[in-house]
Amino acid sequence: MLLDDYNPLSGRMLTILDQDANLNEILMPQLDSAVVEKAFRTMVLSRVADDKAVILQRQGRMGTYPPNKGQEAASLGPAMTMGDRDWFVWGFRELAGLLWRGLPLEQYYLGWMGNEYGNHYDPDLRITPTSIPVASQYTYAVGLAYASRYQKENTVIFAFTGDGGTSEGDFHESLNAAGVFNLPIVFIVQNNQWAISLPRSEQTASDTIAQKAIAYGIRGIQVDGNDILAMYAASEEAAEVARNGGGPTLIEAYTYRLGNHTTSDDARRYRVEEEAKEWEARDPLNRMLKYVRSREILSEKKIESVWEWAKTLVEEAAHKAETTPPPSLDDVFRHTYESMTSNLKEQFDDMKKREESQ
Ligand SMILES: Cc1ncc(C[n+]2csc(CCOP(=O)(O)OP(=O)(O)O)c2C)c(N)n1
Ligand SMILES: [Mg+2]
C-alpha cells in the first residue's frame, strides 16, 4: 500500500511521473486514455481560465483573484477520485479540481466578481462555497464527515487548505477530531511553499507537513503535488481507506505557487526569481504535456485544438459572467435564513418603504 510505503517516517515523497516525464510503471494508476485526455483538457482549461482571471482583474472587471498557476495537479488528482456523492470542500486555489467536478466556469468567475450567485452551486455537485478564512473549511469538513457516517451515507469528504492553513487552530482541531472519531476525510494540504510572503521554513519547524499526521494518529503521505498521477494514486487509496472505515489521511501536496499570492500582491518583493524559474521546470501542465506526447495519447493537432477549445470556452464564460445581473438587495434578506426572522422582516419592510418613497 502506498500509504504504508510512503508513510511520513519513511522520509520519502511519492512521485510517479517525474519532471522529465519518466514514469514509474509499477506504481502508475490504471487510467484509460479517455480519462487522461480529459485530465489534460481540464488542466489546460484551468490554466487558460486562470490567466484570463488575472487579465480581467487588471482591467477592473474582476475583484481580487488568487492565481492557481502551477498548482493544477494538486486539486485535479484528488477530484478525479471523488465519487458523485462525496464532498469537495475547497479553500480558494482549487480551480482545476472544481472544473473536473463540473463547476461551470462562469459561476467561478461570478464568485470572484463579487456576485453572490457565484457561490450558489448546484447542490448535486456537493461543493461547499469558497472559504477565505484560512483553514476554517476544515471544521465543517469534519462536520460533514460526522454527518455522513451518522447517516450511513458512505461518502468521503475531500478538504483542501494551504501550508499557511496548517498553523491555524482550526487545522489542528479538525485533524484531532477526525482522528478521534475515525472520520472519512481526505485532508489535502497544498504546500505551495509560501503563505503570502511567509516561506514554508518559517511556517513550521516540522520537516514535512505530512508528518503532522503522526501526532493525530492518522495516516499521512507527502506527494509530489505537480505529478497528476501521484496525486491521483494517493487520493484514490486514501479515499478507499476512508470509505472502508479506515479513517482520515493527510496528503501533503508538495507544489509551488508560480504566480502572485493574489492580484493585490507582488511576489518579486519577497522571493528570488531563480526559485520560481526552478519550479517552472516542474510545471504540472508541461509534465502532463510531455506525458501525453510520449505516450502518443494525443496528436499534435489535437493538442493544439485543446488550447483553442479552452480559449473559446473561457471567453464565453467571461462574457456570461459579466452579463449576469447582480443579486438584488432583497436576496440579502431572503437567503440569510431559510425563512426571515421577525426582526429581519421588519428591516426588510422598512427597506421596501424607503425604496418606494425614493
Ligand atoms: C484566518 C485568516 N487569517 C489571515 C487571512 C489572510 N490570508 C489570506 S490567504 C493567507 C495565506 C494563506 O497561505 P496558505 O494557507 O499557504 O495558502 P496559499 O495562499 O499559499 O494558497 C492569509 C494569511 C485569512 N484569509 N484568514
Ligand atoms: Mg501556501
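How far does a polar side-chain atom of H261 lie from an oxygen atom of ligand 1? The distance is 3.3 Å. The legends below describe close-up views of a predicted model.

**Figure 1. Polar surroundings of ligand 1 in the predicted model.** Ligand 1 has 15 residues around it, and those that come nearest are R93, D163, G164, N192 and W194. In the side chain of D163, an N or O atom is 2.8 Å from an oxygen atom of ligand 1. N192 also places a polar side-chain atom 2.8 Å from a ligand 1 oxygen. For H261, the corresponding distance from a polar side-chain atom to an oxygen atom of ligand 1 is 3.3 Å. On its own, ligand 1 has 580 Å² of accessible area, of which the protein covers 70%. The site occupied by ligand 1 is the second largest pocket.

**Figure 2. Coordination of the magnesium ion (ligand 2) by D163, N192 and W194.** The donor atoms are OD of D163, OD1 of N192 and O of W194, at 2.0 to 2.1 Å from the ion. Along the chain, these donors follow the spacing D-x28-N-x1-W. D163 belongs to the loop between β3 (157–162) and α7 (169–180), whereas W194 belongs to strand β5 (residues 194–195), so this pair ties together parts that are 31 residues apart in sequence. D163 and W194 are both buried. The coordinating residues D163, N192 and W194 are also among the residues that come nearest to ligand 1.

**Figure 3. Q193 in the loop between β4 and β5.** Is Q193 buried or exposed? Q193 is buried, because its relative accessible area is 11%, under the 20% limit for buried residues. Q193 and G164 are 29 residues apart along the chain, and their C-alpha atoms are separated by 8.9 Å. G164 is one of the residues that come nearest to ligand 1.

**Figure 4. Positive phi angles at R126 and N182.** Most residues other than glycine have a negative phi. Phi of R126 is positive, near 55°. R126 occupies the loop between α5 (105–112) and α6 (136–150), and counts as buried because its relative accessibility is 9%. N182, likewise not a glycine, has a positive phi of about 55°. The loop that holds N182 runs between α7 and β4 (185–191). With a relative accessible area of 33%, N182 is partly exposed.

**Figure 5. P327 and Y117, a pair 210 residues apart in sequence.** In space, the C-alpha atoms of P327 and Y117 are 7.0 Å apart. P327 is placed in the loop between α13 (300–322) and α14 (329–334). Its relative accessible area is 26%, so P327 is classed as partly exposed.

**Figure 6. R243 in helix α10 and its separation from T204.** Helix α10 spans residues 228–243 and includes R243. R243 is partly exposed, with a relative accessible area of 28%. Between R243 and T204 the C-alpha to C-alpha distance is 31 Å, and the two residues are 39 residues apart in sequence.

Technical notes. Residues are numbered from 1 along each chain as its sequence is written. Chains are lettered from A and ligands numbered from 1 in the order in which they are written. This is a predicted model: local features need pLDDT of at least 70, side-chain atom pairs count only at pLDDT 80 or more; totals for chains, interfaces and linings use all residues. Side-chain values use heavy atoms; hydrogens and water are left out. Donors are N, O and S atoms within 2.8 Å of the metal (3.2 Å for Na, K and Ca); water is not among the atoms, so sites may look incomplete. Helices (H or I, at least four residues) and strands (E, at least two) are DSSP runs, numbered from the N terminus. Buried means under 20% relative accessible area, exposed over 50%, partly exposed in between (1.4 Å probe, protein chains only). A residue is near a molecule or strand if one of its heavy atoms lies within 4 Å of it. A polar contact is a pair of N or O atoms within 3.5 Å; within protein, one must be able to donate a hydrogen and the other to accept it, and residues adjacent in sequence count only if both atoms are side-chain atoms. Accessible areas come from the Shrake-Rupley method with a 1.4 Å probe; for residues, only the protein chains shown count as cover. On a 1 Å grid over the protein atoms alone, a cavity is a set of points where a 1.4 Å probe fits but cannot get out, and a pocket is an open set with protein on both sides within 12 Å along at least five of seven lines; lining residues have an atom within 4 Å of a point. A molecule sits in a cavity or pocket if more than half of its atoms lie within 2 Å of its grid points.
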